[in-house]
Amino acid sequence: MTRSRRQTEQRRPAELPSFQTLLDGTDWASLATACGTGESLPAALALLTSSDPVIRRSALQDALGPVTHQNSIYEATVPVALYVAAILNHPAITAGDDSQDAKTFSNRPTLVRLLEWLGDTAYDADDECVAIDECLYGEGYLDEYAETRAFRQARPAIFSAVEALLCHDSADVRHAALIAAVPLIEHPLLTQHQADLAGHARRLLATSTDRRHRDRALDALKAWGHHTSGLENASDIAAREHYARLKAARASWDGNRIGGGYSEDPPF
């Protein structure tokens, strides 16, 4: 284990260093990514705070792609996540993107895309994913997978930056912050935030038409023991029924496959 990794894992959970400290104080070249080491990460990460939104957008893949390939957590993922959290309040990020096409998928504001990346990464290390991995690899999974363990330990520090955006003027930012916060507060030090996030989730469901956001908000409320029938619209009900059919079909297919046959001929 490198010195920089020890420093990352031993840092106080709620401490979020400055982005410059993370950029300069991390031994990036010693950290594994999906495509080698993190030697090229500092240059890409630095471009995320460029005053030019075009440069920021083009840097996103180079900065974030190497540490999130195939929903995996790598050695470099934690320092990158901490860096991303630390720049959420950077003037270049909070100023937003001024391009007329900023609402298209690839040109969403940098702040929204960074929050989405933090949320997706947090879901890759959430309790459900860990439980699945423990079924596959044994109960000592987290003991062996230091990268996931380190990310889970860093959740309070990341949440400290995300929480500040839950009341942002932009609904897109508020909603992205909420969806990122949901898996982060599974950390034992953060569970007291459930009630506050439940209120934000209800407000999202009252206004948002984003299918992914609505699914995540409804799932979170259900997991926290809230009744959601009064919050669902026709689209939510249709989506829930569709997911149930897919789950049943998959279970049937898996059962037939294990039994050595199929209930009907595959559509070859």
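## Getting to know this predicted model

The largest nonpolar core (a set of buried Ala, Val, Leu, Ile, Met, Phe, Trp, Tyr and Cys residues joined through side-chain atoms within 4.5 Å) has 66 residues, and Ile158 and Val162 have the most contacts inside it. This is a predicted model, where local features need pLDDT of at least 70, side-chain atom pairs count only at pLDDT 80 or more, and totals for chains, interfaces and linings use all residues. Residues are numbered from 1 along each chain as its sequence is written, and side-chain values use heavy atoms, leaving out hydrogens and water.

User: Which helix gives the largest share of this core?

Analyst: Happy to start there! The core has 66 residues, and nine of them come from one helix, spanning residues 171-184. Helices here are DSSP runs of H or I with at least four residues, strands are runs of E with at least two, and both are numbered from the N terminus. The largest share comes from helix α12.

User: How many helices and strands does the protein have?

Analyst: Both kinds of element are present in this chain of 268 residues. The count is 15 helices and two strands.

User: Is Thr33 buried or exposed?

Analyst: Thr33 lies in strand β1, residues 32-33. Buried means under 20% relative accessible area, exposed over 50%, and partly exposed in between (1.4 Å probe, protein chains only). The relative accessible area of Thr33 is 8%, so this residue is buried.

User: Which residue has its backbone nitrogen 3.2 Å from a polar atom of the Thr33 side chain?

Analyst: Thr33 also touches residues further along the sequence, including Gly38, Leu41 and Tyr74, where contact means heavy atoms within 4.5 Å. Its C-alpha atom is 6.0 Å from that of Ala76, 43 residues apart along the chain. The backbone nitrogen at 3.2 Å from the Thr33 side chain belongs to Cys35.

User: Is Ser51 buried or exposed?

Analyst: Ser51 sits in the loop between α3 (41-47) and α4 (53-64). Leaving aside neighbours within four places in sequence, Ser51 is in contact with Arg56 and Ala92. With a relative accessible area of 71%, Ser51 is therefore exposed.

User: What share of the contacts with a separation of 6 or more comes from residues 24 or more positions apart?

Analyst: One example of a pair distant in sequence is Ser51 and Pro91, 40 residues apart along the chain, with C-alpha atoms separated by 8.6 Å. Across the protein, residues 24 or more positions apart account for a share of 64%.

Notes. A polar contact is a pair of N or O atoms within 3.5 Å; within protein, one must be able to donate a hydrogen and the other to accept it, and residues adjacent in sequence count only if both atoms are side-chain atoms.
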